[in-house]
Amino acid sequence: MYVTPNFKSKKEMKAAVVAGQRVEVFSPGPFPAPTNGETSIEGPHFPKPHTWYARVRVENGLVVKVLS
């Protein structure tokens with residue numbers, strides 16, 4: 001799973017979530033992204049190499065909390 005916007009670091013994503021910015025979860029492949037619950041995120045997006053990973057809580061398709 002990925003998030004949009006395409007953050008360069010986990011720290012940037014976490015700051016955006018804490019600030020209340022809209023951070024959406026999506027799946028580039030054939031498997032749908034969860035709209036509620038917990039999931040793992042990686043970034044930045046392909047084709048750049050993934051340099052960070054996070055576990056997040058999702059509500060209505062939006063990241064509401066970074067768990068780890």
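Where in the chain does Pro-47 lie? In this predicted model, Pro-47 is found in the loop between β3 and β4, and the report returns to that loop after describing the chain as a whole.

## Overall fold

The chain contains 1 helix and 5 strands, and when they are read from the N terminus onward, their order is β-α-β-β-β-β. The radius of gyration is 11 Å, close to the 11 Å that the globule rule gives for 68 residues, so the chain is as compact as a globular protein of that length. Taken along the principal axes, the box filled by the C-alpha atoms is roughly 25 × 25 × 20 Å.

Contacts also link parts of the chain that are far apart in sequence: among contacts between residues at least 6 apart, 47% join residues at least 24 apart. One pair that illustrates how sequence and space can be read side by side is Gly-20 and Val-64, which are 44 residues apart along the chain while their C-alpha atoms are separated by 8.3 Å.

## Surface and charge

The accessible surface of the chain comes to about 4300 Å², and 55% of it belongs to carbon and sulfur atoms. Of the 68 residues, 29% are buried. The charged side chains comprise 9 positive and 5 negative ones, and the centres of these two sets lie 6 Å apart.

Gly-20, already mentioned for its separation from Val-64, is in the loop between α1 and β2. Is Gly-20 buried or exposed? Its relative accessibility is 62%, and because the cut-off for an exposed residue is over 50%, Gly-20 counts as exposed.

## The nonpolar core

In soluble globular proteins, nonpolar side chains tend to be buried together. In this chain, the largest nonpolar core has 14 residues, and those with the most contacts inside it include Val-3, Phe-7, Met-13 and Trp-52. The elements that give two or more residues to this core are α1 (10–18), β4 (52–59) and β5 (62–66), and the largest share, 4 residues, comes from β4.

Val-56 is another of the core residues with the most contacts inside it. Leaving aside residues up to four places away in sequence, Val-56 touches several others, among them Met-13, Thr-39, Ile-41 and Val-63.

## Thr-39 in strand β3

Thr-39 has its place in strand β3, which covers residues 36–43. Its relative accessible area is 9%, and because buried means under 20%, Thr-39 is classed as buried. Which residues does Thr-39 touch, not counting those up to four places away in sequence? They are Met-1, Val-25, Pro-34, Ala-54, Arg-55, Val-56 and Val-58.

## Backbone features in the loops

Most residues other than glycine have a negative phi, and most peptide bonds are trans. Against that background, the loop between β3 and β4 deserves a careful look. A cis peptide bond joins Gly-43 and Pro-44, with omega at about -10°, and Pro-44 lies in the loop between β3 and β4. A cis peptide bond also joins Phe-46 and Pro-47, with omega at about 15°, and Pro-47 lies in the loop between β3 and β4 as well.

A further backbone feature appears at Asn-60, where phi is near 55°, a positive value in a residue other than glycine. Asn-60 lies in the loop between β4 and β5, and with a relative accessible area of 67%, Asn-60 is exposed.

How values were computed. Residues are numbered from 1 along each chain as its sequence is written. This is a predicted model: local features need pLDDT of at least 70, side-chain atom pairs count only at pLDDT 80 or more; totals for chains, interfaces and linings use all residues. Side-chain values use heavy atoms; hydrogens and water are left out. The radius of gyration is taken over C-alpha atoms; the globule rule is 2.2 Å times the number of residues to the power 0.38. Buried means under 20% relative accessible area, exposed over 50%, partly exposed in between (1.4 Å probe, protein chains only). Contact means heavy atoms within 4.5 Å. Accessible areas come from the Shrake-Rupley method with a 1.4 Å probe; for residues, only the protein chains shown count as cover. Lys and Arg count as positive and Asp and Glu as negative; His and the chain ends are not counted. The place of a charge is taken as NZ of Lys, CZ of Arg, CG of Asp or CD of Glu. A nonpolar core is a set of buried Ala, Val, Leu, Ile, Met, Phe, Trp, Tyr and Cys residues joined through side-chain atoms within 4.5 Å.
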